[in-house]
Amino acid sequence: MTVAPLRERSAWKALDAHYLKMKEVHLRQLFGEDGKRGERLTIEAVGIYLDYSKNRITDETLKLLLQLAEQSGLREHIDAMFSGEKINVSEQRAVLHVALRAPRDVSIRVDGENVVPEVHEVLDRMAEFSNRVRTGVWKGHTGKRIRNVINVGIGGSDLGPVMAYEALKHYSERSMVFRFVSNVDGTDFAEAVQDLDAEETLFIISSKTFTTLETMTNAHTARDWLLAGLHGDEKAIAKHCVAVSTNAEGVAQFGIDTANMFGFWDWVGGRYSMDSAIGLSTMIAIGPDNFRAMLDGFRQMDEHFRTAPFERNLPVLMGLLSVWYNDFFGAQTVAVLPYEQYLKRFPAYLQQLTMESNGKHVTLAGTRVDYDTSPIYWGEPGTNGQHSFYQLIHQGTRLIPCDFIGFGQTLNPLGRHHDMLLANVFAQTEALAFGNTPEEVKAEGTPDWLVPHRLFEGNRPSNTLLLDRLTPGALGKLVALYEHSVFTQGTIWQIDSFDQWGVELGKALAQHIIPQLEGATEPRLEHDSSTNTLIRRYRKLKGSA
């Protein structure tokens with residue numbers, strides 16, 4: 001399908017004109033004119049209830065946004081992704097994280113080959129290995145059972161596993177310790193192992209190429225730490241390290257038995273890989289059954305996204321609303337606010353998913369965009385944010401759309417806690433939407449001079465997502481919801497949501513600078529004057545110059 005440039009689509013032009021009518025309309029007016037708005041502008045699908053009534057939209061807005069989706073070829077792009085077409089155009093790759101959670105009897109082809117059997121072969125091997133570690137059948141070099149598991153990775157090889165472990169800690173094996181090392185800062189590794197016994201510790205080295213600078217630096221430090229604790233026996237490495245990689249030669253040279261190498265594919269982007277072998281630490285923590293339940297949650301959202309009409313499609317509507325605020329209201333950020341302590345790492349996970357995917361300045365054709373792409377995603381769990389940054393959301397000068405995530409049942413019932421938690425969800429969305437008026441503030445006995453300070457203008461938009469409880473399946477649904485919302489936005493903007501060239505230049509320059517910092521003699525520096533001065537200052541601080 002040939003798609004016109006974004007600003008030339010009739011729906012975009014109509015939205016431009018429509019925004020001028022909507023920008024001053026207050027949510028108080030919209031709710032006043034429609035007594036059933038809060039019941040009408042909702043969707044319930046695959047166990048998620050979305051209330052999007054507190055958005056600055058009308059039926060006309062929705063109609064135009066849906067037209068924009070159609071004119072952008074969203075349906076064709078969805079079909080292309082699910083059928084294995086190479087929609088990652090800059091790398092000529094298929095984009096098939098949806099295959100990672102496909103049932104065994106489904107066929108999804110890449111270059112004519114059904115990849116689903118390979119996916120399940122890896123999942124089965126992961127399950128067998130996880131059970132051996134969890135039951136103590138797998139033992140370390142000295143015969144002790146493994147009690148500590150440390151995942152070594154970075155980016156998608158770290159953020160997903162960390163988030164999933166924290167989110168599903170309620171279901172984890174509590175007799176074991178799980179930690180994660182990503183930062184090349186030595187403190188990260190030192191703190192992860194400082195109270196552990198090498199004889200009881202297993203490292204999962206997660207690097208597709210087995211060459212990632214940060215991961216392999218930490219991996220070799222882990223190797224040295226193991227050898228120091230295991231009397232220098234090189235054979236011990238095979239009992240205390242496994243790999244998630246595709247580089248069998250590199251894995252073997254490191255000392256890992258390639259029988260304990262779990263692979264994945266170039267059609268899985270790092271930020272979409274938490275349900276691949278990258279999730280091995282997650283599976284060891286929560287067990288294969290719970291891991292498969294998480295995959296089923298992903299799959300249910302995949303099917304909803306693939307088949308539901310756009311007007312009743314959760315990811316599509318959330319993606320379109322993001323475009324509405326980002327490109328017409330000029331909202332530069334989105335706050336994701338999970339009222340569930342276990343989801344404390346969810347906003348950090350979404351930062352990579354959203355901004356690495358859609359932080360692009362050129363179209364699929366390589367031409368410069370003349371509109372905004374990805375907003376900045378951020379957030380914190382529960383009521384914590386209310387005592388820090390909510391001030392800015394309520395009374396600041398920037399428009400910040402918010403996603404509130406709540407659960408009907410808590411995993412840790414303690415008296416009134418959960419009712420109080422959910423009361424805050426509903427109160428915050430109400431306050432953001434409607435605020436108060438000067439008359440209402442005065443009626444509370446506020447002196448005139450104080451009224452402006454206590455005034456809440458309202459008209460701050462939000463979505464509210466409600467689920468039954470945080471289960472492995474619910475987590476899968478939430479992650480897939482945001483994955484497909486990102487896809488929707490990227491399709492509208494005509495960008496490649498699945499490459500990440502923006503991370504390359506800094507890494508390449510760092511490789512050039514490292515020997516200039518480590519060398520015993522003063523290096524010849526040919527950077528800019530700032531970088532040259534910083535390198536010299538650092539060498540002086542470390543005693544090299």
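**View 1. Phe 498 is buried, with 11% relative accessible area.** "Buried" here means under 20% relative accessible area, with over 50% being exposed and anything in between partly exposed (1.4 Å probe, protein chains only). This is a predicted model: local features need pLDDT of at least 70 and side-chain atom pairs pLDDT 80 or more, while totals for chains, interfaces and linings use all residues. Residues are numbered from 1 along each chain as its sequence is written, and side-chain values use heavy atoms, leaving out hydrogens and water.

**View 2. Tyr 272 and Phe 498 meet ring to ring.** Rings of Phe, Tyr and Trp (its six-membered ring) pair if their centres lie within 6.5 Å; planes under 30 degrees apart are stacked, over 60 edge-to-face, the rest tilted. That rule gives 24 aromatic pairs. Tyr 272 and Phe 498 make a tilted one, 5.5 Å centre to centre with 50° between the planes. Tyr 272 sits in the loop between β9 (261–262) and α12 (280–286), and Phe 498 in the loop between α20 and α21 (504–518), so the pair ties together parts 226 residues apart in sequence. Helices (H or I, at least four residues) and strands (E, at least two) are DSSP runs, numbered from the N terminus. Tyr 272 is buried too, at 2%.

**View 3. Tyr 390 and Phe 404 pair edge-to-face.** Their centres are 6.5 Å apart, with 80° between the planes. Tyr 390 belongs to helix α16 (residues 390–395) and Phe 404 to strand β12 (residues 402–407), 14 residues apart. Both Tyr 390 and Phe 404 are buried.

**View 4. Tyr 482 has many contacts in the largest nonpolar core.** Such a core joins buried Ala, Val, Leu, Ile, Met, Phe, Trp, Tyr and Cys through side-chain atoms within 4.5 Å. This one has 128 residues, and helix α20 (residues 472–493) supplies its largest share, eleven residues. With neighbours within four places in sequence left aside, Tyr 482 is in contact (heavy atoms within 4.5 Å) with residues including Met 318, Phe 346, Asp 403 and Ile 405.

**View 5. Thr 61 is tucked into helix α4 (residues 59–71).** Thr 61 counts as buried because its relative accessibility is 0%. A polar atom of its side chain lies 2.9 Å from the backbone nitrogen of Thr 58. Not counting residues up to four places away in sequence, Thr 61 touches Leu 15, His 18, Met 22 and Trp 324. Trp 324 also joins an aromatic cluster with Trp 12, Tyr 19, Tyr 325, Phe 328, Phe 329 and Tyr 371.

Terms used. Polar contact = N/O pair within 3.5 Å; in protein donor to acceptor, adjacent residues only side chain to side chain.
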